[in-house]
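The following exercises ask the reader to describe a protein chain step by step. Please study the sequence and the structure before attempting each task, and then compare the result with the worked solution.

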Amino acid sequence: MGDLASYAKQNGIKFFLFNFTDLFGVQRAKLVPAEAAGKMQKAGAGFAGFATWLDQTPAHPDILVMPDTNSVIPLPWRPDVAWVAGEPWMNGEPLAQAPRVVLRKLTEHYGKKNMKLMAGVEPEFHLTNADGSAVSDHRDTADKPCYDQAAIMRRLDVIGEICTTMTKLGWGPYQNDHEDANGQFEINWNFNDALTTADQLAFFKFMVKAIAEKHGLRATFMPKPFINLTGNGCHVHLSVWTNDRKKNLFDDPKGELGVSKLGYHFLGGLINHAASMCAITNPTVNSYKRINAPRTISGATWSPSSITYGGNNRTHMVRIPDGGRAEYRLPDGAANPYLLLASILVAGMHGVEKQIDPGKRLDIDMYAEGHTVKNAKKLPLNLLDALRAFEQDKYLQEMLGQEVSQGYLKLKHNEWNQYCRHLTQWERDNTLDC
């Protein structure tokens, strides 16, 4: 699809959301009337980068967001508006620290080697009351609410509308789950190439929040919104294919668990870089209340705490559910969709290029027996540890790009420092009488 003005006339579009995603995963947009879309498509929509989470100052010139017309998505709940993912430009070239630019360039880089990362995501979210203080369904109180038929039917209006919307968009949703926490849900759809999946995940979060709000509720992808309940992960199912998508390079019926040597080397890269990737896959202070959490009321966190992999075993960081793919269970709902898949691509392909051994597969319950594994590396305990690990990972920084890496680290260290300046009730309760 080329010309936005023509697209608008053919599809009854009155406005376009010229969108880009900043370093923290926040979606930014300008609402452009269809009559101006053609001109704006050529010139770009202007934004002040400093007003968003980009590493810029008020002295920087405007960034100009150029829309990728292949990504246009009309809003089914508001059909006269269409969303279009864009890439910021500055001084006549794509902005090196823009997350979508980073992922696109990396997919092109590895595409020259006839390798394409394919990914499917499983973003979990809670439906809460308007202020986020409690789950929206006061009857959703079971200790083990996962797959609760009655609970998902009580939220059919919301979940059904989201799923129907995805069907209209051609994404191929194939199941809706009530997840392990009270008020928690997940919708699965067909996997695709990394850039398409990242665009879909960005739009999915926007869509779910908008539809929930329409029903008087609030949707949150916060990693750990309720301390006693299972947190919101964003598991990623991974495989690498040839560019024509005819051959899955992870698939080998004769390989261990049906995975090829290339697939295991990809896992080796993920394991080798896991601690430093946490700065991206688990990017908030709250993220570490999910991956280092005590047992929840359901009996398990369903989140990894060690850097290990296993077969069809959900207690590990990486699970091999069947042949030809792997599930990366570390990321959470706060992850930037583009940087998430970019970091996975870089780490995994480093493993392929250097033939990194992922180590021994562990067929044990890591929650119950993890303490018996002497050499299993632990994930970072907090955001600061993750940022320091990322700072040490020169390869990951170089391949993602120094501009995005240094800008991200700078802004995230500022966020950590702001958190440290915050006085909590726990400190008052435990230190006031010291």
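**Exercise 1. A helix and its surroundings**

How many residues does helix H5 (residues 156-168) have, and what distance does it reach from its first C-alpha to its last? State also which residues of H5 are buried and what they pack against.

*Solution.* The model is a predicted one.

Step 1. Helix H5 has 13 residues and reaches 17 Å from its first C-alpha to its last. At 1.5 Å a residue, 18 Å is expected, and the value found is close to this.

Step 2. Residues count as buried when their relative accessible area is under 20%. In H5, the buried residues are Val158, Ile159, Gly160, Glu161, Ile162, Cys163, Thr165 and Met166.

Step 3. These buried residues of H5 pack against three strands, E8 (116-128), E9 (175-178) and E10 (184-188), and against helix H6 (194-214).

Step 4. After H5 comes Gly170, which has a positive phi near 80 degrees.

**Exercise 2. A hairpin**

Determine in which sense strands E1 and E2 pair, and describe the turn between them.

*Solution.* Step 1. Strand E1 covers residues 15-21 and strand E2 covers residues 27-33. The two strands pair in the antiparallel sense, over seven bridges.

Step 2. One pair of bridge partners consists of Leu17 and Leu31, the latter in E2.

Step 3. Five residues lie between E1 and E2, and the two strands form a hairpin. In the turn, Gly25 has a positive phi of about 85 degrees.

**Exercise 3. Salt bridges**

Find how many salt bridges the model contains, and examine the pairs formed by Lys410, Arg104 and Arg361.

*Solution.* Step 1. A pair is counted when a side-chain nitrogen of Lys or Arg is within 4 Å of a carboxyl oxygen of Asp or Glu. By this rule the count is 18 salt bridges.

Step 2. Lys410 forms a salt bridge with Asp55, and their closest N and O atoms are 3.0 Å apart. Lys410 lies in helix H13 (residues 402-420), whereas Asp55 lies in the loop between strand E3 (45-47) and strand E4 (63-67), so the pair ties together parts that are 355 residues apart in sequence. Both partners are partly exposed: Lys410 has a relative accessible area of 46%, and Asp55 has one of 25%.

Step 3. Arg104 forms a salt bridge with Glu108, with 3.2 Å between the closest N and O atoms. Arg104 and Glu108 are four residues apart in helix H3 (residues 99-111), so about one helical turn separates them. Glu108 is partly exposed, at 42% relative accessible area.

Step 4. Arg104 and Glu108 also belong to a network of salt bridges that links them with Asp68, Glu87, Arg100 and Asp199.

Step 5. Arg361 forms a salt bridge with Asp363, where the closest N and O atoms are 2.8 Å apart. Asp363 counts as exposed, because its relative accessibility is 51% and the cut-off is over 50%.

**Exercise 4. Positive phi in residues other than glycine**

Where are Tyr147 and Trp302 found, and are they buried, partly exposed or exposed?

*Solution.* Step 1. Tyr147 is not a glycine, yet its phi is positive, near 65 degrees. Tyr147 is found in the loop between E8 and helix H4 (149-154). With a relative accessibility of 60%, Tyr147 counts as exposed.

Step 2. Trp302 is likewise not a glycine, and its positive phi is about 60 degrees. Its place is in the loop between helix H8 (288-291) and strand E14 (309-310). Trp302 is partly exposed, with a relative accessible area of 35%.

**Exercise 5. The whole chain**

Which radius of gyration would a compact globule of 434 residues have, and what value does the protein chain have?

*Solution.* Step 1. The protein chain contains 14 helices and 16 strands.

Step 2. A compact globule of 434 residues would have a radius of gyration near 22 Å, and the chain agrees with this at 22 Å. Along its principal axes, the C-alpha trace spans about 65 × 50 × 50 Å.

Step 3. Of the 434 residues, 56% are buried. The accessible surface is about 19400 Å², and carbon and sulfur atoms account for 51% of this surface.

Step 4. Among contacts with a separation of 6 or more, 70% join residues that are 24 or more positions apart.

Key: Residues are numbered from 1 along each chain as its sequence is written. Side-chain values use heavy atoms; hydrogens and water are left out. Two strands pair if DSSP finds at least two bridges between them. Buried means under 20% relative accessible area, exposed over 50%, partly exposed in between (1.4 Å probe, protein chains only). The radius of gyration is taken over C-alpha atoms; the globule rule is 2.2 Å times the number of residues to the power 0.38. Contact means heavy atoms within 4.5 Å. Accessible areas come from the Shrake-Rupley method with a 1.4 Å probe; for residues, only the protein chains shown count as cover. The expected span of a helix is 1.5 Å times one less than its number of residues.
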